[in-house]
Amino acid sequence: MSSHDTPAVDLPRLREWLGRSETRFDIVTAVPLAALSATLDREDPAPQPGSDVPALWHWLYFTPLARQSEIGPDGHPHRGGFLPPVPLPRRMWAGSRLEFHHPLQVGDQITRVSRIVEVDGKTGRSGELVFVTVRHEVSNARGLALTEEHDIVYRDAPPPCSPGAAKPAFPAPQPAATDETFAREIVPDPVLLFRYSALTFNGHRIHYDRSYVTELEGYPGLIVHGPLIATLLLDLLRRQTPQSHVRHFAFTAVRPVFDTHRFTVCGRFEPGSAARRAVLWARDHEGFLAMRAAAELA
């Protein structure tokens, strides 16, 4: 869909979704945890009943289960339902802020209550933008386990790609820091992206369909999932301090990363924090900042 075909954004109408909520249920099973461990190239022991779920790995549960007939051309479910029907066709995960109260464990029956807490709009370099913030509360038999505020950004699509056609407008590049004290280089090959899409039941075609993402959306390659980069950042911290537990974590996607080049996840502890507070970031192959994050350990 080209930008001139996109209906006008009616913010007052979209704000009627404020306060809407939904409740979903799941069970923490072991196989998705073992599969993500393999995907991240870890050598974890097989998860057993009662094993703790690492921070952010709760994204393996409450996965979207739209019927095939309800899927739009980009692989996302059609607009409407719980989320407001934003008419802008591009939807991406902009960031999250999380607080972990106690770990989920294998075998837990878990409940997630989600509520729309903010709907806002503005005009950016790439055109009109709409931001939707959803607050999730995940509980098990021991009470509230974690809270998350999830920011979703919707953008218009560029004109259909053809020789000389406009390409997606990227945010102005910001040089990434180079003062990390621990880091890991990541090879975002299509298998890694496919496996993460499969584990999170994410049908968004920008992550696995090269002809779609390059020819229709105009990107230079498959896009690395924002949540995957965030997971790799916390995985880096976990490798550095394997016995620690995350209390708070927040991340913001700054610039897209593609499967055409390697990127680096980086971190350092804040001075005087006694390894309790870490600054984390992802740096692309050009040295630009792709994601910024911060974590506080219990």
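Helices and strands are here the runs assigned by DSSP, with a helix spanning at least four residues and a strand at least two, numbered from the N terminus. In these terms, D41 comes just after helix α2 and takes a positive phi of about 65°. The model examined here is a predicted one, and the description that follows moves from two helices to a set of paired strands and then to the aromatic side chains.

Within α2, the residues P32, L33, L36, S37 and T39 are buried. When the helix is viewed down its axis, these buried residues fall within an arc of 160°, so they line one face of α2. Helix α3 is included in what covers the buried residues of α2.

Helix α3, which comprises residues 190–199, has L192, L193, Y196, S197 and L199 as buried residues. Seen down the axis of α3, the buried residues occupy an arc of 165°, and they therefore line one face of this helix. The other side of α3 carries V191 and F194, which are exposed. The packing partners of the buried residues of α3 are α2 (30–39), β6 (182–186) and α5 (226–240). Both ends of α3 show a local feature of the chain. At the start of the helix, D189 places a side-chain oxygen within 3.0 Å of the backbone nitrogen of V191, while the residue F201, which follows α3, has a positive phi near 50°.

Strand β9 (residues 277–283) pairs with a strand on either hand. With strand β8 (residues 263–269), β9 forms 6 bridges in the antiparallel sense, and T264 stands opposite R283 of β9. With strand β10 (residues 289–297), β9 is joined by 7 bridges, and these two strands also run antiparallel; here V279 has A294 of β10 as its bridge partner. The hairpin formed by β9 and β10 has 5 residues between the strands, and in this hairpin G287 adopts a positive phi near 90°. Of the 7 residues of β9, 5 are buried, so the strand is largely enclosed by the rest of the structure.

One residue of strand β9 is L280, which is buried at a relative accessible area of 1%. Apart from neighbours within four places in sequence, L280 is in contact with F182, L233, L234, L237, F249, C266, G267, M291, R292, A293 and A295. By contrast, the C-alpha atoms of L280 and D189, residues that lie 91 positions apart along the chain, are separated by 22 Å.

The aromatic side chains form 5 pairs when ring centres within 6.5 Å are counted. In one of these, the ring centres of W59 and W93 lie 4.9 Å apart with the planes at 65°, and because planes over 60 degrees apart count as edge-to-face, the pair belongs to that class. W59 is located in the loop between α2 and β2 (90–100) and W93 in strand β2, so the pair ties together parts that are 34 residues apart in sequence. The two partners are classed separately by accessibility: W59 is buried, with a relative accessible area of 10%, whereas W93 counts as partly exposed at 26%. A further aromatic pair, that of F182 and F269, is tilted, with a distance of 5.4 Å centre to centre and an angle of 45° between the planes. This pair links distant parts of the chain, since F182 belongs to strand β6 and F269 to strand β8, 87 residues apart. F182 is buried, with a relative accessible area of 7%, and F269 is partly exposed, with a relative accessible area of 22%.

W59 and W93 also belong, with F249 and F251, to one aromatic cluster. Other tryptophan rings are associated with arginine side chains. The charged end of R20 sits over the ring of W17, at 4.1 Å from the ring centre, and the charged end of R238 sits over the ring of W57, at 5.4 Å from the ring centre.

The loop between α2 and β2 also contains D74. This aspartate counts as buried, with a relative accessibility of 9%, and, when residues up to four places away in sequence are not counted, D74 touches R79, P89, G203, H204, R205 and Y212.

Methods. Residues numbered from 1 in each chain as written. Predicted model: local features only at pLDDT ≥ 70, side-chain atom pairs only at ≥ 80, totals over all residues. Heavy atoms only, no water. Buried < 20%, exposed > 50% of the residue type's maximum accessible area, 1.4 Å probe, protein only. Arc of directions from axis to C-beta. Contact = heavy atoms within 4.5 Å. Polar contact = N/O pair within 3.5 Å; in protein donor to acceptor, adjacent residues only side chain to side chain. Pairing = 2+ DSSP bridges. Phe/Tyr/Trp six-rings, centres within 6.5 Å; stacked < 30°, edge-to-face > 60°. Lys NZ or Arg CZ within 6 Å of the ring centre and 35° of its normal.
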